[in-house]
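User: Please explain the terms applied to this structure, setting each value against its definition.

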Protein chains: 2
Amino acid sequence: MLTTEDNLKKHQIHGIEKGTEPPSQIAKQLNQQYETDIGVFFAEVAKLPLEILCKVLFELPSHVFEETLSRIPHKKMATALSYLTSDDLTDFLQRVKQYDQNYAKSTYHLLAPDEQAEVAHLSQFPADQAGAYMQMEMLSAELTDTLAHVKQQVRAFRREEPNSPIYKLFVVDAEQHLVATLHFTDLLLFDERNTMQEIIAQAVIHHHKPLSVHNSTPIEKVIHLFEEYELSVIAVINDEEQLQGRIVFEDIYDLIRMQEQSQALKMAGADKDAEEESLESARKARLHWLFINLAALLCAVFVVNVYKETIEQIVALAVLMPIVAALGGNVGNQAVTVTVRKIALGQIDWQNAFPVIKREIIMSSINGLIMGAIVSSITFIWFHQALLGLVIAMAIIINLAVAGLMGSMIPLLIKKFGGDPAIASPLLLTTATDAIGFFVFLGLAELILI
Amino acid sequence: MLTTEDNLKKHQIHGIEKGTEPPSQIAKQLNQQYETDIGVFFAEVAKLPLEILCKVLFELPSHVFEETLSRIPHKKMATALSYLTSDDLTDFLQRVKQYDQNYAKSTYHLLAPDEQAEVAHLSQFPADQAGAYMQMEMLSAELTDTLAHVKQQVRAFRREEPNSPIYKLFVVDAEQHLVATLHFTDLLLFDERNTMQEIIAQAVIHHHKPLSVHNSTPIEKVIHLFEEYELSVIAVINDEEQLQGRIVFEDIYDLIRMQEQSQALKMAGADKDAEEESLESARKARLHWLFINLAALLCAVFVVNVYKETIEQIVALAVLMPIVAALGGNVGNQAVTVTVRKIALGQIDWQNAFPVIKREIIMSSINGLIMGAIVSSITFIWFHQALLGLVIAMAIIINLAVAGLMGSMIPLLIKKFGGDPAIASPLLLTTATDAIGFFVFLGLAELILI
């Protein structure tokens with residue numbers, strides 16, 4: 001197996017020296033140690049520098065995180081926590097709270113008063129609001145401040161928050177309302193004695209009102225803004241429209257991944273949050289989905305039950321019916337996945353759905369013709385019954401065309417009525433293609449063959 | 001329906017003024033116009049400012065893009081293209097080339113010589129290498145340059161590349177080897193007469209060798225680096241280890257989404273690139289998948305065929321067999337999706353797979369017991385046969401346990417042997433759960449009921 005160093009060399013990644021691995025890498029190595037020798041694991045954790053301790057712990061799997069927690073004295077933890085930005089600090093304490101409320105409480109009381117205030121403030125925002133992802137550490141200046149003053153602030157910020165990058169300067173008026181967002185590249189070009197007011201009057205780059213979001217803005221909207229406007233940072237304001245904090249691009253990387261993954265898991269009937277918790281909560285979330293699926297399956301098998309006597313007479317129908325249903329499910333699933341993605345990307349809604357539905361029906365009909373021809377040939381060779389081949393061809397053509405229609409319409413309809421297309425679409429789709437597949441195939445068989 | 005403005009207001013997003021919508025928004029509105037009144041559409045496109053023309057065009061669906069292209073004179077297009085950064089310019093011309101090779105060629109020859117050189121250089125990198133995502137516009141300084149010189153360069157860069165943000169300063173030695181990456185925030189604190197050499201000697205923030213990647217580094221590795229090190233920009237170097245360009249965070253947003261989406265589509269048997277091209281190429285990619293699925297389905301139905309006579313005697317088996325197979329498919333699909341994600345995130349590989357496989361088997365076995373009990377009760381109530389209820393309960397318990405095992409092992413094995421777990425896993429899984437489900441259910445039925 002390649003070592004990290006070999007791997008970096010192979011891919012020509014330069015500048016990563018030993019000891020500067022990112023927290024996720026260190027956590028991965030520690031986790032392997034946990035599996036092989038728990039004693040070495042705890043010794044290594046104890047040796048971790050305080051600056052990165054919390055970041056590494058955060059990357060450990062739940063059960064390892066929980067077990068490690070109790071081995072770290074509150075005082076040490078409080079010091080390690082002070083190296084985190086306010087948003088990460090709040091996140092960390094909230095996760096600790098899930099496992100050990102007392103530990104979280106004791107550690108919280110050992111934090112500096114300003115850190116306590118920040119945690120208390122940020123904890124109030126639910127996970128789907130911008131406020132929950134805001135850092136309160138940032139650099140801002142008033143309109144009347146000179147560039148010399150800003151330089152002093154940069155020095156102080158670098159000293160107090162060595163782990164917090166700066167990115168941009170937020171300029172506010174006397175009431176703390178955001179007036180401008182300035183690049184440091186631009187600031188470099190001005191004289192120390194210039195005030196922010198004077199600089200804004202001259203700077204030609206940012207003449208628009210700077211972008212900002214409210215702390216209750218849905219986080220999805222914020223992610224969308226970062227992507228559309230290619231932002232590196234955005235200001236967060238409160239009810240009085242005063243500057244409160246900032247959201248930075250590095251959190252957006254995570255958020256985009258999380259958004260996509262939670263959608264992919266939802267489509268498979270698993271819940272992202274539950275999967276990251278205990279086996280029990282993951283299992284229950286999945287069981288829930290199986291119940292709903294069973295109910296849907298019963299609808300499909302009731303259709304089969306109607307044609308019991310037909311199957312008794314031609315048992316080949318029982319052999320072939322899974323093909324009709326499963327091909328419909330596959331085609332429908334392709335359409336559902338593509339459509340759910342298009343909806344999530346904001347490319348389509350019910351108003352401009354027609355071209356998409358048309359496209360899906362055309363595709364699935366052509367593929368239905370091809371698959372119908374192939375399966376009917378196989379059937380004929382296998383069972384030597386021309387009419388049975390005809391029946392299965394017709395059933396496949398009809399079921400696949402319907403699958404294309406349903407696969408594109410179901411997600412759009414669910415979206416129109418305010419539901420989440422990723423959750424319900426795959427289920428409704430399979431139920432439809434199973435039931436219709438069985439009905440068309442067995443129904444045609446009864447009509448034509450008996 | 002809400003207008004954009006109402007929507008911004010509702011979500012408390014501030015600072016977006018009329019006329020400053022991002023290209024994707026403008027493209028969406030234009031696309032609606034294309035559907036309703038193509039005349040208005042072309043009039044609107046003609047009125048688009050040259051600075052954003054190409055960015056807007058790029059966001060249009062393929063068929064609209066293609067049709068619009070021919071209406072824009074080469075000269076106008078060449079001017080509009082010069083507002084793009086080198087990477088976007090290269091991308092754009094490559095897309096144009098797909099539809100109209102002559103148009104791309106004529107436009108290319110109207111570009112400025114330096115732009116032509118950049119396009120020629122960047123076009124040589126395949127889409128999976130860092131070089132293809134590199135911008136050649138950037139700000140760099142030599143060790144002997146003074147800060148005053150850098151300031152002049154910033155002014156020049158702002159003038160020549162008004163749409164290209166700066167982020168960081170790359171410092172190189174006389175051979176163009178990367179020596180340091182400096183924040184402008186830090187540069188602000190130094191005197192004009194300081195050279196880069198002197199500044200680096202003093203700056204305490206970045207004492208490590210700066211991160212860089214080679215232009216042939218796989219783009220996945222680059223994305224990974226951005227996420228792990230929370231980077232905003234990374235330097236790209238050539239075979240001689242000289243600074244060549246940079247990759248910036250805003251491209252990473254797109255790349256993360258694309259990575260996740262192409263994986264989700266792959267799992268459903270659709271190809272992301274093909275889906276974005278013509279209906280024909282999307283359809284063919286999907287048909288390909290259906291062929292493979294059919295082959296797999298045939299394996300499963302051959303199992304049913306073995307038990308033809310058993311089904312003839314107890315037709316309830318034909319009615320109930322889809323339940324056993326489909327529940328197995330669902331449970332296995334949950335395990336596959338979760339495992340494929342974990343592999344993609346680099347959380348597990350074959351070496352440390354045991355805990356994951358164990359977890360999946362435990363979950364699916366417990367859920368199997370529950371589902372087995374429920375389905376056997378339903379069967380008993382429906383068909384009044386205690387033994388049939390017993391058979392289906394046993395079949396479900398076995399098939400679901402196997403589904404958990406297969407669902408976690410298949411992706412890990414595919415990965416171990418160098419394949420892409422997202423492509424083959426769902427198919428192999430369903431084949432396994434179908435075949436095993438039919439075999440166990442019908443086999444037990446023959447043993448116990450006949």
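Analyst: The answers below take the terms one by one. This is a predicted model, in which local features need pLDDT of at least 70 and side-chain atom pairs count only at pLDDT 80 or more, while totals for chains, interfaces and linings use all residues. Residues are numbered from 1 along each chain as its sequence is written, chains are lettered from A and ligands numbered from 1 in the order in which they are written, and side-chain values use heavy atoms, with hydrogens and water left out.

User: What makes strand β6 of chain A mostly covered?

Analyst: Buried means under 20% relative accessible area (exposed is over 50%, partly exposed in between; 1.4 Å probe, protein chains only). In β6(A), residues 233-237, 5 of 5 residues are buried. V233(A), A235(A) and I237(A) cover one side, and I234(A) and V236(A) the other.

User: Why are β5(A) and β6(A) said to be joined?

Analyst: Strands are DSSP runs of E of at least two residues, and helices are runs of H or I of at least four, numbered from the N terminus. Two strands pair if DSSP finds at least two bridges between them. β5(A), residues 212-214, has 3 bridges to β6(A), so the pair qualifies, and the two run parallel. One of the partnerships is S212(A) with A235(A).

User: How do you know that β6(A) also pairs with β7(A)?

Analyst: There are 5 bridges between β6(A) and β7(A), residues 243-248, and the strands run antiparallel. Among the partners, I234(A) is matched with I247(A), and V233(A) stands opposite V248(A). The two strands form a hairpin with 5 residues between them, and E241(A) in the turn has a positive phi of about 60°. In β7(A), 6 of 6 residues are buried.

User: Why is the unit containing helix α13 of chain A called right-handed?

Analyst: A crossover is called right-handed if, with the strands pointing away from the viewer, the path from the first strand over the helix to the second runs clockwise. β5(A), α13(A) (residues 219-229) and β6(A) make such a right-handed β-α-β unit.

User: What makes the contact between E227(A) and R257(B) a salt bridge?

Analyst: The term requires a side-chain nitrogen of Lys or Arg within 4 Å of a carboxyl oxygen of Asp or Glu. The N to O distance for E227(A) and R257(B) is 2.8 Å, so the definition is met. The count between chain B and chain A is 8 salt bridges.
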